[in-house]
Amino acid sequence: MAKDVWKFVAPEHLYYCYECSRCTGSCPAAMVMDTPGPRRLLIKCLHEGPQAVIQEESLWFCTICHVCEDRCPQEIHITDLLTALMNLASRKGNVPERVKAAVETIARTGRSVVTYRVDEERLRLGLKPLGRIDTHELEIIAARTGLLEKKSS
Ligand code: SF4
Ligand code: SF4
């Protein structure tokens, strides 16, 4: 399974990293979360392998914004690497509960955040209610990832 990660980024490409930390210095997640950032994950992947990195909770702080990749002077595909690592972690069932909860919210409601009293407020402003989103396809996709329990009917 780890070989799936190396399909996205060749391990020899990671040796181009000279640890300038520009990626971590630009990472929005590292600015606000207690995470060591992409440079350390990349170095750990190189030295200890993908299986070691997928144990890291901080892997899931990545928002896949691509800023680190854009700013890397060595043009290392850091975001592709982190995405492949998250996919591997997911296949192993190694997904934090908060991520599973976010997937469930999106699959069940079609929205990334739970909305409270929004329609009430929209009505007060003379706007139409948001209405329900058809989540049928989203639920199928999420169920296929194994991250969403099937609803008992
Ligand atoms: S920006 Fe590129 S070269 Fe610099 S530490 Fe990050 S991955 Fe390595
Ligand atoms: S892709 Fe992930 S690791 Fe890279 S800058 Fe964005 S949040 Fe940080």
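This briefing describes the domains, the nonpolar core, a helix pair and one loop residue of a predicted model. Residues are numbered from 1 along each chain as its sequence is written, and chains are lettered from A. Local features need pLDDT of at least 70, side-chain atom pairs count only at pLDDT 80 or more, and totals for chains, interfaces and linings use all residues.

**Domains**
- The chain is assigned domain 1 (2-91) and domain 2 (97-145), with bounds from an automatic or database domain assignment.
- The centres of domain 1 and domain 2, taken over C-alpha atoms, are 30 Å apart.

**Nonpolar core**
- The largest nonpolar core (buried Ala, Val, Leu, Ile, Met, Phe, Trp, Tyr and Cys residues joined through C-beta atoms within 7 Å) has 24 residues.
- Leu59, Ile78, Leu81, Leu82 and Leu85 have the most contacts inside this core.
- Helix H5 (38-48) and helix H8 (78-91) are the elements that give two or more residues to this core, and H8 has the largest share, 7 residues.

**Helix pair**
- Helix H9 (residues 97-109) packs on H11 at an angle of about 150°, with the axes 7 Å apart.
- That makes H9 roughly antiparallel to H11, a term for angles over 145 degrees.
- Val103, Ile106 and Ala107 in H9 meet Leu138, Glu139 and Ala142 in H11.
- This contact has 5 nonpolar, no polar and 1 charged residues.

**Gly131**
- Gly131 is in the loop between helix H10 (118-124) and helix H11 (136-145).
- Gly131 has 6 other C-beta atoms within 10 Å, so it is exposed (12 or fewer; buried is 20 or more).

Notes:
Helices (H or I, at least four residues) and strands (E, at least two) are DSSP runs, numbered from the N terminus. Axes are lines fitted to C-alpha atoms, for helices over the stretch in contact, and angles run from 0 to 180 degrees between N-to-C directions. Angles under 35 degrees count as roughly parallel, over 145 as roughly antiparallel, 65 to 115 as roughly perpendicular and the rest as oblique. Two residues are in contact if their C-beta atoms, placed from the backbone, lie within 7 Å. Ala, Val, Leu, Ile, Met, Phe, Trp, Tyr, Cys and Pro count as nonpolar, Asp, Glu, Lys and Arg as charged, and the others, Gly among them, as polar.
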